Amino acid sequence: MRAVIVAAFVAFALTMALTPLAAKAFRRLKAGQPIRTDGPQTHLAKSGTPTMGGVVFIFTIVLAYIAGHLVLMALPEKVDGLTLTRPTGFTATGIVLIGLFVACGFVGFIDDWLKIRRKHSGGISGKAKILGLTIAAIIFGTIAVYYTGSIDTGEISETVATPFVSFTRDIDWLPVTKIGMVVLFVLIVNATANGVNLTDGLDGLATGASMMAFLAFMIIGFWEYRHWCGGPGDPVADLCYDVRDPLEIALIAGAAAGAMFGFLWWNTSPAQIFMGDSGALGLGGLIAGLALASKTILLLPIIGALFVIITFSVMIQITSFKLTGRRVFRMAPLQHHFELAGWSEVNIVVRFWIIAGIGVAIALGFFFADFLRMAG
């Protein structure tokens, strides 16, 4: 747990310290966010606010991940007579999660850079964005499904992902084959990355919602480590989690949660910097990767309930307009509908955070309820 706490604190402290410096640097470089003219008119006042803040927390999360591993290397081999099984070097899980995070963030960075260069809210095309996310998901999904590496003790040799759909653990009667899992992962990455991106429309909204999702995965990852089939102690076979590198999952999720907490200080209303697509797509990719690695794929829509709701609002709006010529909402995504209905930005953000928190609470309830069911 010490490594997870250290990673979270390092990410928080670095993000708190570096974000205002990055905002000043981006402002000098005139890397301001172009605002859509067809959006809520109140957003025009935000024109010129520095963007690409995601570059900062991508950097700090990677550094925090390394710091967490330094702590793991310094820990004693045994505690209370128990031999600890922990990743002291970089693992397949770390490569998949950090690699996917950086790759999806890079796709977003290209989009942000083009927006700034063209001084227009349109960056790369939607098809190009999907293509970039798909390539990243195929590369790291393939590693997750096919690469078999031994954990430090040499006793366990397994892949990050298995060819089974999962809820709180693998569902044996839902096989999808290895190729099918890679295809499924491509869909999950695209859905989650775009869901976070659509949510990133108000100051602090996506940041706070993402932080809650990462806290959920940190709890899940650490619980899986404490009840890990290859972990410390003598876990009961029917109760243990057959997950590769669960402590790594907790460490990376903890670092991401810490970074979001630090970024929120500067991103809350009125935002001094936006995360941009570099941040939103990176966060979405990482959330999708954590669901794959922790074997909680079907739990992901509940953990990310707010992202799902906002994504569906866009789908409903587009479908309704194409079929009937009428709009269901004043504007999509959903947060803009409430803006035009007269809600203040702060009220919308706080109330949507509550929805995100309820989703996380329900998901954790399902997760622990399943464990208690197995234990009973």
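With a relative accessibility of 5%, Lys 295 counts as buried, a class that covers relative accessible areas under 20%, as opposed to exposed at over 50% and partly exposed in between, with a 1.4 Å probe and protein chains only. Lys 295 is not a glycine, yet its phi is positive at about 60°, and the residue lies in the loop between H8 and helix H9 (300-303). Helices (H or I, at least four residues) and strands (E, at least two) are taken as DSSP runs and numbered from the N terminus. The model is a predicted one, in which local features require a pLDDT of at least 70 and side-chain atom pairs count only at pLDDT 80 or more, whereas totals for chains, interfaces and linings use all residues. Residues are numbered from 1 along each chain as its sequence is written, and side-chain values use heavy atoms, with hydrogens and water left out.

The chain holds twelve helices and six strands, and buried residues account for 56% of its 376 residues. Of the contacts between residues at least 6 apart in sequence, 75% join residues at least 24 apart, where contact means heavy atoms within 4.5 Å.

A second positive phi at a residue other than glycine is found at Asp 245, with a value of about 55°. Asp 245 is placed in the loop between H6 and H7 and is buried, its relative accessible area being 3%. Two cis peptide bonds also fall at prolines in loops: one joins Ser 269 and Pro 270, with omega about -5°, and Pro 270 belongs to the loop between H7 and helix H8 (276-293); the other joins Ala 332 and Pro 333, with omega about 0°, and Pro 333 is found in the loop between H10 and helix H11 (334-340).

Aromatic side chains were paired when the ring centres of Phe, Tyr and Trp (its six-membered ring) lie within 6.5 Å, with planes under 30 degrees apart counted as stacked, over 60 as edge-to-face and the rest as tilted. By this rule the count comes to 13 aromatic pairs. In one of these, Tyr 241 and Phe 371 are stacked, at 6.3 Å centre to centre and with 15° between the planes. Because Tyr 241 lies in the loop between helix H6 (205-226) and helix H7 (246-267) while Phe 371 lies in helix H12 (residues 345-375), the pair ties together parts that are 130 residues apart in sequence. Both Tyr 241 and Phe 371 are buried, and ring pairs link these two residues with Trp 223, Phe 367 and Phe 368 into a cluster. The face of Tyr 241 is further covered by Arg 169, at 4.2 Å from the ring centre; a charge is assigned to such a position if NZ of Lys or CZ of Arg is within 6 Å of the ring centre and within 35 degrees of the ring normal. Arg 351 likewise lies over the face of Trp 343, at 4.7 Å from the ring centre.

Helix H12 also takes part in a helix packing, with helix H10 (residues 305-324), at an angle of about 120° and with the axes 7 Å apart; axes are lines fitted to C-alpha atoms, for helices over the stretch in contact, and angles run from 0 to 180 degrees between N-to-C directions. This angle makes H10 oblique to H12, the class left after roughly parallel (under 35 degrees), roughly antiparallel (over 145) and roughly perpendicular (65 to 115). Ala 305, Leu 306, Ile 309 and Ile 310 of H10 make the contact with Phe 352, Ile 355, Ala 356 and Gly 359 of H12. By class, these comprise seven nonpolar, one polar and no charged residues, with Ala, Val, Leu, Ile, Met, Phe, Trp, Tyr, Cys and Pro counted as nonpolar, Asp, Glu, Lys and Arg as charged, and the others, Gly among them, as polar.

Two helix residues illustrate burial at 0% relative accessibility, namely Thr 207 and Val 196. Thr 207, in helix H6, touches Met 260, Phe 263, Leu 264, Asn 267 and Met 275 when residues up to four places away in sequence are not counted. The C-alpha atoms of Thr 207 and Trp 265, 58 residues apart along the chain, are separated by 10.0 Å. Val 196, in helix H5 (residues 178-199), has contacts beyond its neighbours within four places in sequence that include Ala 206, Ser 210, Ala 280 and Phe 307. For Val 196 and Ala 206, ten residues apart along the chain, the C-alpha separation is 6.3 Å.
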